[in-house]
Amino acid sequence: MKKIVATLLGVSVVPFLAISCGGTGAQAPGETTPESEAFEYRTSLMHAIQYKVAQVRGMEQGEIPVNDAVAVKHARDIAVLAAMIPEGFIPNSAVEGSAALPEVWTNMADFQQKAADLQNAAQALADAAAANGFEASKGLVQAVSGGCGGCHRPYRRRQE
């Protein structure tokens, strides 16, 4: 179990460290732009959300031992991070390496609503888990996972 956690942490932290140190490879050193910084920001944010969702999904599926306090923390963190998603999608930030489709910017109101839906689903999971324990509320994990897909399907280029 310790090895799995260490691996997961390593996978989630390495991209963040590379990005925060300027190691994306998208621009030459010193050629950062607000658009490339927005891309780096949202990439880091999505990695953090991915890690947190994987943790609650792992608990829900029995792959990770249930810990009510940890589940509540992860769900609350997802809610906070989801609220930050639109900040990373400034105009013209579909830079090299971005999987964002143009529809993000042409339908920004819907995109922002989908981020809010993820935020609300995560907060509902956190509140239910805090009140009744994770086992009683784990049915809400699907809504959190669905919140990710609800945005990725219409607004993210499929990875090949």
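Here are a few short exercises, with worked solutions, on a predicted model.

**Exercise 1. Check whether the length of helix α5 fits its residue count.**

Start with the ends: α5 covers residues 108-132, which makes 25 residues. Next, get the expected span, using 1.5 Å times one less than the number of residues. That comes to 36 Å. Now look at the model, where the end C-alpha atoms of α5 are 36 Å apart, so the two values agree. Step just past the helix and you meet glycine 133, with a positive phi of about 90°.

**Exercise 2. Find the buried residues of α5 and say what they pack against.**

List the buried ones: Phe111, Ala115, Leu118, Ala121, Ala122, Leu125, Ala126, Ala128 and Ala129. Then look for their partners, which are α2 (34-60), α3 (68-84), α4 (103-106), α6 (134-137) and α7 (141-155).

**Exercise 3. Work out which helix gives the most to the largest nonpolar core.**

The core has 31 residues, and those touching the most other members are Ile78, Ile85, Phe111, Leu118, Leu125, Phe134 and Val144. Sort the core by helix: α2, α3, α5 and α7 each supply at least two residues. The top giver is α5, with 8 residues. For a view from one core residue, take isoleucine 78: setting aside neighbours within four places in sequence, it is in contact with Lys52, Val53, Val56, Leu118, Ala122 and Val144.

**Exercise 4. Decide what the salt bridge between aspartate 77 and lysine 52 ties together.**

First the geometry: the two side chains meet at 2.6 Å, N to O. Then place the residues: aspartate 77 sits in α3 and lysine 52 in α2, so the pair ties together parts 25 residues apart in sequence. Is lysine 52 buried or exposed? Its relative accessibility is 14%, and the cut-off for buried is under 20%, so lysine 52 counts as buried. Finally, widen the view: Lys52, Lys73 and Asp77 are linked in a network of salt bridges.

**Exercise 5. Look at the salt bridge between aspartate 110 and lysine 114, and say how far apart the two lie in sequence.**

The side chains meet at 3.6 Å, N to O. Both residues belong to α5 and lie 4 residues apart, about one turn of the helix. An α-helix has 3.6 residues a turn, so residues three or four places apart point the same way. As for accessibility, aspartate 110 is partly exposed at 26%, and lysine 114 is partly exposed at 22%.

How values were computed. Residues numbered from 1 in each chain as written. Predicted model: local features only at pLDDT ≥ 70, side-chain atom pairs only at ≥ 80, totals over all residues. Heavy atoms only, no water. Buried < 20%, exposed > 50% of the residue type's maximum accessible area, 1.4 Å probe, protein only. Contact = heavy atoms within 4.5 Å. Core = buried A, V, L, I, M, F, W, Y, C linked by side-chain atoms within 4.5 Å. Salt bridge = Lys/Arg side-chain N within 4 Å of Asp/Glu carboxyl O.
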